[in-house]
Amino acid sequence: MGSDLGKVRSTPAARAKDANPTKADLSIKEIQLEEDSGGVRWQLRADQALVYEAEGRTWLRRVDVKVDERHRPWTIVGEEGDLDRAKNLEVRRNVVMTSDDGFRLETSVLRWHAADRRLWTDQPVRIVKSGAVIEGRALDVKMADEATTVTGGVRAVFDSRSRRSR
């Protein structure tokens, strides 16, 4: 996995190859990584990690990432993923991102590009918060600009009844 996650595409064949423990340099059961950076603390856990030194990446199974940001903590879970040396992360298969304030995002692939502080996917997304449901074909979040863009046939439904019941 290169440092530019914007060009990475996951295919079933690539994922099957990635998870080959016999080609891994190191196999770890239950891994936990933590870091404090720029006022943000994150913790990554996975049930299994396969380290591929030559490729500079680690394949992860059952990924759970907890991020404590100044304004709100949030969590990302997925069935598998990859972490590279630059701390770029891709989480795949049944990806769900939630925050303590009721925000929920669902997609099949979610990527984090550390240098740009960018969270994105080119796969369909579903976002739910306070009675609103937004669906689109892609998502791009630029943390530094605090800008979120949902693109591609966007559909939004706002239900004011859900807000009043909170």
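Start with three strands in this predicted model: select S5 (89-99), S10 (138-142) and S11 (147-151), each of which supplies at least two residues of the lining of the largest pocket. Now colour S10 on its own, since that strand is worth a second look: S10 gives the largest share of this lining, three residues.

Next, show side chains for Glu-69, Arg-72, Val-141, Met-143 and Glu-146. Among the 22 residues that line the largest pocket, these five lie nearest its centre. The space you are looking into comes to about 530 Å³. How many residues of each class make up the lining of the largest pocket? Colour by residue class and you should find twelve nonpolar, four polar and six charged.

Time to move to the second largest pocket, with a volume of about 400 Å³. Select Val-40, Trp-42, Lys-87, Trp-112 and Ala-114, the closest to its centre of the 19 residues in its lining. Then bring up the strands around them: S1 (26-37), S2 (40-52), S3 (57-68) and S4 (73-84) each put at least two residues into the lining of the second largest pocket. With the class colouring still on, this lining shows 13 nonpolar residues, two polar ones and four charged ones.

Keep S1 and S2 on screen and hide the rest. Which way do S1 and S2 pair, parallel or antiparallel? The pairing is antiparallel, and eleven bridges hold the count for S1 and S2. For one position along the pair, pick Asp-36 and look across to S2, where Arg-41 stands opposite. Follow the chain round and you reach the hairpin turn: two residues sit between S1 and S2, and Gly-38 in that turn has a positive phi of about 55°.

Last stop: Thr-121. Find strand S7 (residues 118-121) and select Thr-121 within it. Is Thr-121 buried or exposed? Its relative accessible area is 1%, so Thr-121 counts as buried, the cut-off being under 20%. Switch on neighbours and you can see what surrounds this residue: leaving out residues up to four places away in sequence, Thr-121 touches Thr-107, Val-109, Leu-110, Arg-111, Ala-138 and Leu-139. Finally, draw a distance from the side chain of Thr-121 to the backbone nitrogen of Gln-123, and the viewer should give 3.0 Å.

How values were computed
Residues are numbered from 1 along each chain as its sequence is written. This is a predicted model: local features need pLDDT of at least 70, side-chain atom pairs count only at pLDDT 80 or more; totals for chains, interfaces and linings use all residues. Side-chain values use heavy atoms; hydrogens and water are left out. On a 1 Å grid over the protein atoms alone, a cavity is a set of points where a 1.4 Å probe fits but cannot get out, and a pocket is an open set with protein on both sides within 12 Å along at least five of seven lines; lining residues have an atom within 4 Å of a point. Grid points are joined across faces, edges and corners, and a volume is the space filled by probe spheres set on the points. Helices (H or I, at least four residues) and strands (E, at least two) are DSSP runs, numbered from the N terminus. Ala, Val, Leu, Ile, Met, Phe, Trp, Tyr, Cys and Pro count as nonpolar, Asp, Glu, Lys and Arg as charged, and the others, Gly among them, as polar. Two strands pair if DSSP finds at least two bridges between them. Buried means under 20% relative accessible area, exposed over 50%, partly exposed in between (1.4 Å probe, protein chains only). A polar contact is a pair of N or O atoms within 3.5 Å; within protein, one must be able to donate a hydrogen and the other to accept it, and residues adjacent in sequence count only if both atoms are side-chain atoms. Contact means heavy atoms within 4.5 Å.
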